[in-house]
Amino acid sequence: MVDSVVEKFRRRVAVNVIEQEPLSSYTSFRIGGPAEILYTPEDEGDLVCAVRAARRLGIPTTILGNGTNVLVSDSGVQGIVIRLLEPSRRPAMEEGLVLVKAATPLASLLEFAVVRSLEGLEYLTGIPGTVGGAVYMNAGSFSQAISTHLAYVELLDRKLEHVVKRHEEIDFDYRYSEFQESGAIILGAAFDLDPGDQTLIRATAERVRTEKRAKQSWEYPNAGSVFMNPPTTYAGKLIEEAGCKGLQVGGAQVSPKHANFILNLGDATAADVIRLMDIVVQRVYDKFNIRLTPEIRLVGDFS
Ligand SMILES: Cc1cc2nc3c(=O)[nH]c(=O)nc-3n(C[C@H](O)[C@H](O)[C@H](O)COP(=O)(O)OP(=O)(O)OC[C@H]3O[C@@H](n4cnc5c(N)ncnc54)[C@H](O)[C@@H]3O)c2cc1C
């Protein structure tokens with residue numbers, strides 16, 4: 001039954017479809033079981049056709065960007081995982097705004113801005129995701145968030161209509177966008193950046209990169225900060241003070257360098273990471289009466 005549905009999807013969407021593809025290769029954690037179908041659209045038209053086909057066939061869809069903020073379950077993901085990553089996509093200028101597709105790496109957007117002496121995004125240097133993933137997560141660092149200079153977002157809504165939403169119509173908060181609830185697929189975004197001094201912008205970007213390299217753990221696969229910061233303090237500080245640095249479950253370890261990072265030492269499973277997260281949450285709660293909430297997104301079946 002499932003095979004015939006997959007076959008029907010294959011017939012409608014002929015190219016760039018891989019079955020039972022391990023998602024560990026597509027996530028920065030290097031963890032995750034197979035996608036029943038992994039599909040990489042070449043453009044927006046392909047994406048819309050694939051989502052339409054999946055809806056008609058009753059197949060669930062999951063969107064993946066660069067996979068740098070997700071933990072995929074060991075059993076993988078049922079249905080279609082649509083991977084939106086096009087490393088060669090370039091942003092463009094139109095009427096004073098920087099237009100960029102969701103599948104473009106955030107790093108390409110930042111470099112585009114620097115080359116044109118446009119400031120406002122340089123504090124996001126070192127965030128390894130796509131523009132779509134960054135808008136969905138309202139990614140940020142050094143007190144700056146991607147939504148700050150956002151003019152509008154182009155998206156595919158639940159009815160598969162192409163909608164343009166202006167910044168002021170979108171609900172954003174710390175590591176939150178309304179897209180986490182609406183189920184919209186982000187297609188692209190426009191940014192309103194200020195003219196600046198290229199040397200200063202590049203120097204800020206370099207400083208941010210150097211500071212992050214010094215503080216964060218890059219030596220083992222990870223997904224960045226695992227927990228959100230509570231309103232008045234840093235999650236990493238609480239985790240460290242609760243004595244969790246270096247704590248290990250299977251192949252997953254709380255980074256000895258940055259306590260809010262969990263590292264895959266080589267053979268970690270999603271179950272190891274979840275178990276370790278549970279222990280960290282409990283220890284922090286016992287010591288500070290603060291319940292940490294995950295920043296990373298769980299993809300697949302964790303029941
Ligand atoms: C070493 C390291 C450092 C990091 N540093 C930071 C940091 O400083 N600040 C920060 O905020 N984050 C940081 N992160 C986390 C991560 O890079 C960001 O959250 C990033 O924005 C995720 O983008 P992505 O393309 O990888 O999204 P993914 O991980 O692929 O997806 C994340 C979520 O977004 C959804 N999504 C992705 N694209 C779309 C789309 N087009 N439409 C709808 N939904 C979509 C997915 O379904 C998923 O739920 C770091 C991660 C690592 C590994």
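**Exercise 1.** Which helix gives the most to the lining of the second largest pocket, and with how many residues?

*Solution.* The model under study is predicted. Begin with the space itself: the second largest pocket has a volume of about 370 Å³. Of the 24 residues that line this pocket, those closest to its centre are Ala 107, Leu 110, Thr 125, Gly 126 and Arg 209. Next, sort the lining by element: H3 and helix H6 (198-215) each supply at least two residues, and the largest contribution, seven residues, is that of H6. Finally, sort the lining by character, which gives 14 nonpolar, three polar and seven charged residues.

**Exercise 2.** Describe the largest nonpolar core, naming the elements that build it and the residues with the most contacts inside it.

*Solution.* The core holds 28 residues, and those with the most contacts inside it are Leu 106, Leu 109, Val 131, Val 135, Val 153, Phe 179 and Phe 191. At least two residues each come from strand E7 (97-101), helix H3 (106-115), helix H4 (131-137), strand E11 (150-156) and strand E15 (185-191). Among the contributors, H3 provides the largest share, namely five residues.

**Exercise 3.** Which residues does Phe 191 touch, if residues up to four places away in sequence are not counted?

*Solution.* With contact taken as heavy atoms within 4.5 Å, Phe 191 touches Gly 96, Leu 97, Val 98, Val 100, Leu 109, Leu 121, Val 131, Ile 146, His 149, Leu 150 and Ala 151. As a last step, set apart a second, separate core of 27 residues, which includes Ile 262, Val 273, Val 281 and Leu 292.

Note on methods:
Residues numbered from 1 in each chain as written. Predicted model: local features only at pLDDT ≥ 70, side-chain atom pairs only at ≥ 80, totals over all residues. Heavy atoms only, no water. Core = buried A, V, L, I, M, F, W, Y, C linked by side-chain atoms within 4.5 Å. Buried < 20%, exposed > 50% of the residue type's maximum accessible area, 1.4 Å probe, protein only. Helix = DSSP H or I, 4+ residues; strand = E, 2+ residues; numbered from the N terminus. 1 Å grid on protein atoms, 1.4 Å probe; cavity = no way out; pocket = protein on both sides within 12 Å on 5 of 7 lines; lining within 4 Å. Points joined across faces, edges and corners; volume = space filled by probe spheres on them. Nonpolar A, V, L, I, M, F, W, Y, C, P; charged D, E, K, R; others polar.
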